[in-house]
Amino acid sequence: MATFLYRIGRWAFRRRRLVGGLWLGVLVLAVAAAAMAPEGKEEDLSMPGTESQKAFDLLDERFPQSNSQGAEARLVFRAPDGQRVTARENKAAVEDTLRSLDRGDQVASTTDPYETGAVSEDGTIAYSTITYTADAVDLAEPTKSALEEAASRARDAGLTVEIGGSALDSEEEPGGTTEIIGVAVAAVVLVLALGSLVAAGLSLLTAFVGVAIAFGLVSALAVPLGLTSTVAILALMLGLAVGIDYALFITSRFRDERAQGSEPEEAAGRAVGTAGSAVVFAGATVFIALVGLGVVGIPELTKMGMGGAGAVALAVLVALTLVPALFGFFGRRVLSRAVRKATRPGSERPGHERRGHERRGHERPGHERPGSERPGSERPHPAPTAVGRPGLGTRWARFVLRRPAAVLLIAGLGLGAVAVPALSLELGLPGDESKSVETTERRAYDLLSEGFGPGFNGPLTVVVDTSASSGSGDTRATTDLVAKTVRGVDGVASVGDPVLSRGKDTAVLTAVPRTAPNSGETKDLVHAIRGAVSGVEADTGADILVTGTTAMNIDISEAMSDALIPYLTVVIGLAVLLLMVVFRSVLVPVKAALGFLLSVGAAFGVLVAVFQWGWAADLVGIEQTGPVMSLMPILIIGIVFGLAMDYEVFLLTRMREAYVHGASPGEAIVNGFRHSGRVVAAAAIIMISVFAGFIGMSSPTVQTMGVGLAAAVAFDAFVVRMAIAPAVLALLGHRAWWLPPILNRVLPNVDIEGEKLSRHVPASAAELDAAVPRLPVGRHRH
């Protein structure tokens, strides 16, 4: 693979105008397609196969005149202090408000609280339910405006009015202030890490190209594939993070090769052949993990995985082709100031370096002719052996080598302590209760809880289907038996009158719990009702299903919990297998997998502490604690798996590269940190900044993703890969790189560290850092 990518890197450098033009054309086409495509629509979260989803599908079939998952609004009225909402003036204001809504194009029905009894016992609060013929995402702006104007009309009459339900749900748009801050932090880190504005700008430019193309494609395919705004935000988040990191890794290796004396085109080829190999592997792991989310069975999660995987694939392609092409355009300005000063003066102009040692069309690795440089071409002096104080990465590696057991113990116990809250992880889906108290939806939720009890915000729908039973002609009797059974379940506050379908073979009951929708008691109640009505099913032959938004959330959360361990097992198994192929070792993959579990566990601990317990919730804008978004654990596992492999590969590749060239295990660790420690740290800070930039968005889903991913990357990069990994390798010594002979014969050799490539390039470009002792290849013991 290294040799193949080496050729790609040299070709992209040499054909820079062609490569740049092709990517520019793709970018223009993607943006144009997005601009011409109709706006995408949000879709309700669903999970085929669950009882609640079966009930929703049945309701759509038996009640075609209504949309079981259509938009709904609740206008909640509260009388002024000391008054009752049933007073004549207040009643007239409520009825006038509702009459103004009856004329709406998308309004299916409105209920009169005085006729339906939707007035609290103390007479201070009443509500009206407005149902619509379209889903929330399909509601026209005039329809939403009419709802808000109706509420304003009642407020002018002196009433307190709030709007609940799904009618005002809006699509989350990227591009807020916090995302800009995150990108700005990434830019500063790039400048500090690379010491060159041009090199930093190159990494940002290529990342933006990949993200723009990915975002354009998601927008263009939103309608035909049903992609939501969350898919677009995830593609933006991942595309930015990995795009910057991948470009940084290749740029850093290119600069190393130039500092070692390689010609520009040769350095571009070697950078793509070595660091690019690691980019391909890391991107492939992220891609596989995200695509694998489709096995869970939730369409929205599958789309999120596919969107994120597409953005990562684009980032890899951009890094392998556009980045080396830009090396040719920017010339020596990619190098740091110190390296530029060390080069011999020549007539080179930026973007016009020598195009290789050999004649175009006849280059092959290993057939360059030393000393054939053309007059005027510049070639940097090989970097001298470092003298003076070593860098921070080298000093840290040496510190770990001196005290590996202590570092391992402290880092492991620290992550374990952070992961302890994860034992209390509760999964759920956010509702109006999780929104800010500044929103009208949250205030409506609180008013309904005050006037009618906390369970009123999460009613359960019981569907009775008698079409296949012998007693289908007596649907009413069966429904009455079901209602009596449900009323007898402890925790049910009330059961409404049944509504029959036109065919008289299906009835719908509404059961109101005594507890809030996201409480554990309500979850137990759903199971209790399903257990109680199973006896009625056996006696009557009817099919009885419990659904509703609350039941759907419970079913999805349980399905996600059940899928968590199998998915984690698959991901860990994949990690061990891929790393075994890459590093030709058994213990290195096991160590990497265990470290991945530690970082993910610690990230879950942070999510529980922030979103369930409320620790530091004010810092991230969380006003209401509750269960963690049910999609998050699997989504974070899939993303972090690939990102963790990024740092594992980029850091350990340099270690193995030194080891296979004769360095001792300890010297290999120091060499890895000398070359990659700073770059990996910078890449991690960049990724953390990008993810943290999404915490400020109002969507609970995006906020949870931002916190979870930022925490996971911080733990994995700085604790697992930079503390636990070198400590374990130091304790294992030569055993870390051991592979049984049978596996050595069976496993393919992908040569990710470019060992084969080193044998085909001039010796001056293949030498390792002068500080690493040279021993005969294959001798690893002294």
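A cavity here is a set of points on a 1 Å grid over the protein atoms alone where a 1.4 Å probe fits but cannot get out, and its lining residues have an atom within 4 Å of a point. With that in hand, let us work through some exercises on this predicted model.

**Exercise 1. Get an overview of the chain: how many helices and strands are in it, and what share of its residues count as buried?**

Step 1. Start with secondary structure: the protein chain has 26 helices and 11 strands.

Step 2. Turn to burial. The chain has 782 residues, and 55% of them count as buried.

Step 3. Add the surface. About 32,000 Å² is accessible, and carbon and sulfur atoms account for 59% of that area.

Step 4. Finish with the contacts. Taking those between residues at least 6 apart in sequence, 79% join residues at least 24 apart.

**Exercise 2. Describe the largest cavity: what is its volume, and which residues lie nearest its centre?**

Step 1. Count first: there are 4 cavities of 30 Å³ or more in the structure.

Step 2. The largest cavity has a volume of about 160 Å³.

Step 3. Its lining consists of 13 residues, and those nearest the centre are Arg253, Ala275, Phe650, Arg654 and Ser676.

Step 4. Map the lining onto elements. Two or more residues each come from α10 (229-259), α11 (264-291), α21 (632-660) and α22 (665-692). The biggest contribution is that of α10, with 4 residues.

Step 5. Sort the lining of the largest cavity by class: 5 residues are nonpolar, 5 polar and 3 charged.

**Exercise 3. Do the same for the second largest cavity: which elements each supply at least two residues of its lining?**

Step 1. The space in the second largest cavity is about 70 Å³.

Step 2. Its lining has 13 residues, with Ala207, Gly210, Gly239, Gly243 and Ala315 closest to the centre.

Step 3. The elements that each supply at least two lining residues are α8 (197-220), α10 and α12 (299-330). You have met α10 already, in the lining of the largest cavity.

Step 4. By class, the lining of the second largest cavity has 9 nonpolar residues, 4 polar ones and no charged ones.

**Exercise 4. Find the largest nonpolar core: which of its residues touch the most other members?**

Step 1. This core has 173 residues, and Tyr246, Ile250, Phe596 and Phe691 are those that touch the most other members. With 19 residues, α21 gives the most to this core.

Step 2. Look beyond that core: a separate one has 25 residues, including Ala93, Val107, Leu159 and Val161.

Step 3. Now zoom in on Phe691. Leaving out residues up to four places away in sequence, Phe691 touches Met237, Leu238, Ala241, Leu643, Gly706, Leu709, Ala710 and Val713.

**Exercise 5. Classify two helix residues, Thr97 and Leu204: is each buried or exposed?**

Step 1. Place them. Thr97 belongs to helix α4 (residues 88-102), while Leu204 sits in helix α8.

Step 2. Recall the cut-off: buried means under 20% relative accessible area.

Step 3. Thr97 has a relative accessible area of 0%, so Thr97 is buried. Leu204 is at 13% relative accessibility and therefore also counts as buried.

Step 4. List the neighbours, setting aside those within four places in sequence. Thr97 is in contact with Leu75, Phe77, Ala150, Arg153 and Ala154. Leu204 touches Ala187, Leu190 and Ile244.

Step 5. Check one distance: Leu204 and Ala187 are 17 residues apart along the chain, with 7.3 Å between their C-alpha atoms.

**Exercise 6. Examine two loop residues, Ser434 and Arg584: where does each lie?**

Step 1. Ser434 is in the loop between β5 (427-428) and α16 (440-452), and Arg584 is in the loop between α19 (549-583) and α20 (587-612).

Step 2. Apply the cut-offs. At a relative accessible area of 25%, Ser434 is partly exposed, because this class runs between the 20% limit for buried and the 50% limit for exposed. Arg584, at 9%, is buried.

Step 3. Look at contacts of Ser434: not counting residues up to four places away in sequence, Ser434 touches Gln624 and Pro700. Ser434 and Phe611 are 177 residues apart in sequence, yet 9.9 Å apart in space, C-alpha to C-alpha.

Step 4. Inspect the backbone of Arg584. Its phi is near 50 degrees, a positive value in a residue other than glycine.

Technical notes:
Residues numbered from 1 in each chain as written. Predicted model: local features only at pLDDT ≥ 70, side-chain atom pairs only at ≥ 80, totals over all residues. Heavy atoms only, no water. 1 Å grid on protein atoms, 1.4 Å probe; cavity = no way out; pocket = protein on both sides within 12 Å on 5 of 7 lines; lining within 4 Å. Points joined across faces, edges and corners; volume = space filled by probe spheres on them. Nonpolar A, V, L, I, M, F, W, Y, C, P; charged D, E, K, R; others polar. Core = buried A, V, L, I, M, F, W, Y, C linked by side-chain atoms within 4.5 Å. Buried < 20%, exposed > 50% of the residue type's maximum accessible area, 1.4 Å probe, protein only. Contact = heavy atoms within 4.5 Å. Areas by Shrake-Rupley, 256 points an atom, 1.4 Å probe, with all protein chains shown as cover.
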